[in-house]
Protein chains: 2
Amino acid sequence: MQFDKEVLKYNEAGLIPAIVQDVHTKEVLMMAWMNQEAVEKTQASGETWFYSRSRQRMWKKGETSGHVQRVKGLYYDCDADTLLVLVEQVGGAACHEGYTSCFHNKINQDNTVIVEGEKKFDPAAVYGNT
Amino acid sequence: MQFDKEVLKYNEAGLIPAIVQDVHTKEVLMMAWMNQEAVEKTQASGETWFYSRSRQRMWKKGETSGHVQRVKGLYYDCDADTLLVLVEQVGGAACHEGYTSCFHNKINQDNTVIVEGEKKFDPAAVYGNT
């Protein structure tokens, strides 16, 4: 079946959530938003592009850090309102704080929070002290 | 550190996206939305609760099918605006269409779409022909 790009359901702001998962470790790395242009640029380039709601512009993952994500699989769900992108994460870390995954804050059953995982890089060295 | 529930950032509709991942296979099963009450019920009950935007009500995963999700880990991301829930999926399938994962539609590089995975149950038998 041919992919019909009209099938994807964008929200009222023209955005669709995209979950990014490491194709090798299966770790969920991050979630960010794509508009239709970001979906198309991701498909065309083979690297992930997103739309920043706070900065109101397109951004390419790794544009500053060099930690791009090479797309190895692209899926949409049964409601066609969420994407799942399997990637090879260059540099081994997706989070701008230096962790492999953005989901490094664990809420325990006793209602304490711990940070899981180690920093793979120093954010100040990669992004500068801006 | 004690978990401060005020740290989670809900959107303008009072909702936060929750990615659900199988704790054993690491497969991403689904994404749905929680409001604060759903987060609290999920924590208190140890099974996933969500808020349906279309039905405008709380729902418990498995309330009809019996395919509940037993929570094994709860994480929030660096922006505190997305949750990741690790679960044991009772019945082996999360999707209401009978597939293990809701993300069973794969967009190939040649722009064709294929369905990956097999149906684990017959939706008509589980949910009725409504």
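Student: By what turn and what shift can chain B be laid on chain A, and with what RMSD?

Tutor: First, a word on what we're looking at: this is a predicted model, where local features need pLDDT of at least 70, side-chain atom pairs count only at pLDDT 80 or more, and totals for chains, interfaces and linings use all residues. Residues are numbered from 1 along each chain as its sequence is written, chains are lettered from A and ligands numbered from 1 in the order in which they are written, and side-chain values use heavy atoms, with hydrogens and water left out.

To superpose copies, you fit by least squares on the C-alpha atoms of residues with pLDDT of at least 70 in both. Here a turn of 180° with a shift of 0.0 Å along the axis lays chain B on chain A, at an RMSD of 0.0 Å. The two copies are thus related as by a two-fold rotation axis.

Student: Which C-alpha of chain B is nearest the axis?

Tutor: That of Lys26(B), 2.9 Å from the axis. The same surface serves both copies, too: 100% of the contact residues of chain B recur in chain A.

Student: How many residues does each chain bring to the contact?

Tutor: Contact means heavy atoms within 4.5 Å. On that rule, chain A and chain B give 37 residues each. Buried area is the accessible area (1.4 Å probe) that two parts lose on being put together, summed over both. Between these chains it comes to about 3500 Å², with 61% from carbon and sulfur atoms.

Student: What about charges across the interface?

Tutor: Side chains of opposite charge can pair when their charged atoms come close. The salt-bridge rule wants a side-chain nitrogen of Lys or Arg within 4 Å of a carboxyl oxygen of Asp or Glu. It finds 2 across the interface of chain B and chain A. Arg53(A) forms a salt bridge with Asp81(B), and their closest N and O atoms are 3.6 Å apart.

Student: Where is there a salt bridge inside chain A?

Tutor: Look at Lys60(A) and Glu47(A), whose closest N and O atoms are 2.6 Å apart. Lys60(A) sits in strand β4 (residues 57-60), while Glu47(A) is in the loop between α1 (36-45) and β3 (49-52), 13 residues apart. Helices (H or I, at least four residues) and strands (E, at least two) are DSSP runs, numbered from the N terminus.

Student: Which strand of chain A pairs with β7(B)?

Tutor: Strands pair if DSSP finds at least two bridges between them. Strand β5 (residues 69-76) of chain A pairs with β7(B) in the antiparallel sense, over 2 bridges. Tyr75(A) has Lys106(B) as its bridge partner.
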